[in-house]
Amino acid sequence: MKVSDLVSGDPKFIKLLSLKLDMESSTGNWRSLAAEFGIRKQKIEQFGLRGSGPTGALFSYMRTAEGLHDLTMEQLRSHFLEMERKDLVNLLDKRKFQG
């Protein structure tokens with residue numbers, strides 16, 4: 001499954017991710033995830049200005065961004081592992097088994 005499918009098909013799941021990524025964390029948040037994807041700092045800062053929340057804005061951007069719209073859930077999981085965000089890995093793993 002692609003991340004872009006998740007964004008358009010399961011907004012509740014994106015809200016769950018947002019609850020964890022919108023908060024400051026010593027292991028990484030939405031800013032560090034965006035940087036992992038190679039998104040320029042100027043663009044990253046724009047996500048923080050959106051009303052839907054920075055994580056929601058990041059995932060909306062990823063739906064159409066060149067090089068990110070084909071990102072798979074497994075690749076996203078790998079990024080979360082690199083960030084040492086086991087809580088997010090667990091969310092993805094639960095989601096995978098639920099459907």
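## Asp-87 and its partner

Asp-87 sits partly exposed in this predicted model, with a relative accessible area of 29%. Its salt-bridge partner is Arg-85, and the closest N and O atoms of the two are 2.8 Å apart. Arg-85 itself is a buried residue, at just 5% relative accessibility. Arg-85 also turns up on the contact list of Leu-21, a residue we'll get back to below.

## Other salt bridges

The full count comes to 6 salt bridges. One of them pairs Lys-2 with Asp-70, at 3.2 Å from N to O. Lys-2 belongs to the segment before α1 and Asp-70 to the loop between α5 and α6, so this bridge ties together parts 68 residues apart in sequence. Both ends are partly exposed: Lys-2 has a relative accessible area of 34%, and Asp-70 comes in at 43%.

Then there's Asp-10 with Arg-95, whose side chains meet at 2.8 Å, N to O. Here the link runs from the loop between α1 and α2 to helix α7, with 85 residues separating the partners. Both residues are buried, and Arg-95 has 12% relative accessibility, which is under the 20% cut-off for that label. Leaving aside residues up to four places away in sequence, Arg-95 touches Met-1, Leu-6, Asp-10 and Phe-13.

## The nonpolar core

Now for the greasy part. In soluble globular proteins, nonpolar side chains tend to be buried together. The largest nonpolar core here has 29 residues, and those with the most contacts inside it are Leu-17, Leu-21, Leu-33, Phe-59, Leu-76 and Phe-80. Helices α1 (3-9), α2 (11-21), α3 (30-36), α4 (41-47), α5 (54-64), α6 (73-82) and α7 (86-98) each give two or more residues to this core.

Take Leu-21 as an example. Not counting residues up to four places away in sequence, Leu-21 touches Asn-29, Trp-30, Leu-33, Thr-55, Phe-59, Phe-80, Met-83, Arg-85 and Leu-88.

## An unusual backbone angle

Glu-84 has a phi near 60 degrees, a positive value in a residue other than glycine. Glu-84 lies in the loop between α6 and α7 and is exposed, with a relative accessible area of 58%.

## How confident is the model?

The mean pLDDT of the protein is 88, with 94% of its residues at 70 or more. Among the elements, α6 has the highest mean, at 93, while α1 has the lowest, at 83.

Notes. Residues are numbered from 1 along each chain as its sequence is written. This is a predicted model: local features need pLDDT of at least 70, side-chain atom pairs count only at pLDDT 80 or more; totals for chains, interfaces and linings use all residues. Side-chain values use heavy atoms; hydrogens and water are left out. A nonpolar core is a set of buried Ala, Val, Leu, Ile, Met, Phe, Trp, Tyr and Cys residues joined through side-chain atoms within 4.5 Å. Buried means under 20% relative accessible area, exposed over 50%, partly exposed in between (1.4 Å probe, protein chains only). Helices (H or I, at least four residues) and strands (E, at least two) are DSSP runs, numbered from the N terminus. Contact means heavy atoms within 4.5 Å. pLDDT is the predictor's confidence in each residue, from 0 to 100. A salt bridge is a side-chain nitrogen of Lys or Arg within 4 Å of a carboxyl oxygen of Asp or Glu.
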